[in-house]
Amino acid sequence: MEEDLKERTLDELLELLILGLEYEKLEKETKRQIGGVVNKYQSLYLTKLCLKPLALAMGI
């Protein structure tokens, strides 16, 4: 009975470790994707800032 409990506990710990690693992987991927979106919008905003004076000078 004690051996069954130890084996079950080890299996549960291993499962928790695997779930933790999967969560960490998903968290890193999510942060990477969010960073890509933020960089894209920053680029668009900077482009807008650069083009606005040009558009004003051209009378657009």
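The radius of gyration is taken over C-alpha atoms here, and the globule rule is 2.2 Å times the number of residues to the power 0.38. Keep in mind that this is a predicted model.

Q: What makes the chain unlike a compact globule of 60 residues?
A: Such a globule would have a radius of gyration near 10 Å, but the chain has 26 Å. Its C-alpha trace spans about 85 × 10 × 5 Å along the principal axes.

Q: Which helices and strands does the chain have?
A: There are one helix and zero strands. That helix, α1, covers residues 2-58.

Q: How many of the 60 residues count as buried?
A: Buried means under 20% relative accessible area, and 0% of the residues count as that.

Q: Why is leucine 44 called exposed?
A: The cut-off for exposed is over 50% relative accessible area. Leucine 44 has 52%, so it is exposed. This leucine lies in helix α1, and its C-alpha atom is 18 Å from that of leucine 56, 12 residues apart along the chain.

Q: Why is aspartate 11 called partly exposed?
A: Partly exposed sits between the 20% and 50% cut-offs. Aspartate 11 has a relative accessible area of 47%, so partly exposed is the right label. Aspartate 11 is also found in helix α1.

Q: What makes up the negative surface patch?
A: Glu3, Asp4, Glu7, Asp11 and Glu15 form it. Asp and Glu count as negative, so the patch is called negative.

Q: How many positive and negative side chains does the chain have?
A: There are 9 positive and 11 negative ones, and the centres of the two sets lie 23 Å apart.

Conventions. Residues are numbered from 1 along each chain as its sequence is written. This is a predicted model: local features need pLDDT of at least 70, side-chain atom pairs count only at pLDDT 80 or more; totals for chains, interfaces and linings use all residues. Side-chain values use heavy atoms; hydrogens and water are left out. Patches are made of residues with over 30% relative accessible area and no salt bridge: like charges are joined within 9 Å, nonpolar side chains (Val, Leu, Ile, Met, Phe, Trp, Tyr) within 5 Å. Accessible areas come from the Shrake-Rupley method with a 1.4 Å probe; for residues, only the protein chains shown count as cover. A salt bridge is a side-chain nitrogen of Lys or Arg within 4 Å of a carboxyl oxygen of Asp or Glu. The place of a charge is taken as NZ of Lys, CZ of Arg, CG of Asp or CD of Glu. Helices (H or I, at least four residues) and strands (E, at least two) are DSSP runs, numbered from the N terminus. Buried means under 20% relative accessible area, exposed over 50%, partly exposed in between (1.4 Å probe, protein chains only).
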